[in-house]
Amino acid sequence: MSGVRTNWAGNIAYSTGDVRVPASLEELQEVVAGATRVRAAGSGHSFNDLVDTDGTLVSTRGLPREVEVDAEAREAVVGAGMTYAEVGPLLHAQGWALPNTGSLPHISVGGATATGTHGSGVGNGCLATSVSGVELVMADGEVLRLRAGDDDLRGAALALGSLGVVSRVWLRLEPTYDVAQDVLLDVPTSVVAEDGVALMSSAHSISLFTTFGTPGRLDSVWRKARVDRPATGTWGGRVATVPVHPIPRLPADAATPQLGVPGPWHERLPHFRADHVPSVGDELQSEMFVALEDLSRAWPAVEAVAPRLAGALQVMEVRTIAADDLWLSPFRDRASVAFHVTWVSDLDVVRPALAALEAALAPFDPRPHWAKVSSGPDRERFVEASPGVRDFRALADRLDPDRCFVNPFVERLGVR
Ligand SMILES: Cc1cc2nc3c(=O)[nH]c(=O)nc-3n(C[C@H](O)[C@H](O)[C@H](O)COP(=O)(O)OP(=O)(O)OC[C@H]3O[C@@H](n4cnc5c(N)ncnc54)[C@H](O)[C@@H]3O)c2cc1C
């Protein structure tokens, strides 16, 4: 990270030269106590200025990479700078698993949980819902541990880096399990409007991918089924007989194993393989969440606007996320469907297409992903309307009265 001056996608240049990489909790405490303004950086996969600061940027990637399992409590404490690619195999080797992962295992646990990062599955909450405790380094360098049962954890588990630097995270575990992944091709898009919730409920995790290249057909439906709960139905499509990539024109090498071959959860729940090093991203991403019950109306609105996305869109992915009770969560009190877009990397090309998509979803009270690009007033509206944001602000004023962990992103939005 030291020497690194931009986020993964390269669209955000950090505003500071003061980048620190502490190698221990004690070093981290010293760095934070000695700084006036601090932001934590995980693996830098956010697409906006959420990480940015003109103060001190603290990378968590040098912190100890330790995973300690407490089998009786069914939880593990892990270094916040560790990636899911690092944590997953260590948990599995000891007989344990997480309920879900994001699409990319190369993201840090601290960064993913801080932003509401999610995978898919109507029964799966965002990754922060697995958090049963955090160890926070506060502005004065002191350590605060918040554990399950403490109401403040509902603010601290998903805190946008705005309460302190998280050094360790406790994660709830379940016994390890295998997942079989297969892909359906050419499922009619009419299924999404007519029977979308059933389709999205037909396996542990379902993702719909489309480039809108074939009118009336999805490119692919990715099904990640726990082996004890097989996927159901083929939904008018056909089962792929060779591995595919979410973007049909790309080779499948980077994608996790398919064709229904069972394997450990951490090798199937992400779309992309841990041993495939993702190139520095030639893409931007946006994502909006609406109520799952609105899928039947939201999907036709999105489909209608598809011609206006051409040239900017690389691929759209539709996923689901269970409701939760975390104060800053976009899924708070609302089971959600996510409209994620991987765009080309040129913001000038993306801007009008993104605006068209945002307008199409506007009637459905969309809530944007904290870590992705958003051009409309949706994020401001969510902050304004959310009672959770008010609870979070009160917590932040208590834990960080001198506003050490504030940056322009959270200030602009009024989160702090
Ligand atoms: C290719 C790609 C695929 C993606 N796939 C998904 C997906 O499937 N689902 C999804 O929801 N999102 C996805 N994202 C978005 C991604 O999960 C988020 O950007 C997430 O924040 C990445 O974690 P990070 O460690 O890179 O966080 P960073 O970008 O480094 O940081 C994000 C925020 O977290 C804070 N933070 C980081 N570490 C700590 C810490 N230890 N203590 C306190 N605050 C901290 C930072 O201050 C900042 O506010 C994807 C992004 C990319 C580039």
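**Exercise 1. Find how the side chain of Ser46 meets the ligand.**

Step 1. An oxygen atom of the ligand sits 2.5 Å from an N or O atom in the Ser46 side chain. That is a polar contact (a pair of N or O atoms within 3.5 Å).

Step 2. Now look at cover. The ligand has 960 Å² of accessible area on its own, and the protein covers 98% of it. Accessible areas come from the Shrake-Rupley method with a 1.4 Å probe.

Step 3. Add two contacts. A polar backbone atom of Gly42 is 2.7 Å from an oxygen atom of the ligand. For an N or O atom in the side chain of Arg39, the value is 3.1 Å.

This is a predicted model: local features need pLDDT of at least 70, side-chain atom pairs count only at pLDDT 80 or more, and totals for chains, interfaces and linings use all residues. Residues are numbered from 1 along each chain as its sequence is written, and side-chain values use heavy atoms, without hydrogens and water.

**Exercise 2. Describe the shell around the ligand.**

Step 1. Count. The ligand is surrounded by 37 residues, where near means a heavy atom within 4 Å. Among the closest are Ala40, Ser43 and His45.

Step 2. Find the elements (DSSP runs: helices, H or I, at least four residues; strands, E, at least two). Strand 2 (38-41), helix 3 (109-114) and strand 9 (165-172) each supply at least two shell residues. Helix 3 gives the largest share, four residues.

Step 3. Place the ligand. Domain 1 (67-176) and domain 2 (179-375) both give residues to the shell, so the ligand lies between them. The domain bounds come from an automatic or database assignment.

Terms used: A polar contact is a pair of N or O atoms within 3.5 Å; within protein, one must be able to donate a hydrogen and the other to accept it, and residues adjacent in sequence count only if both atoms are side-chain atoms.
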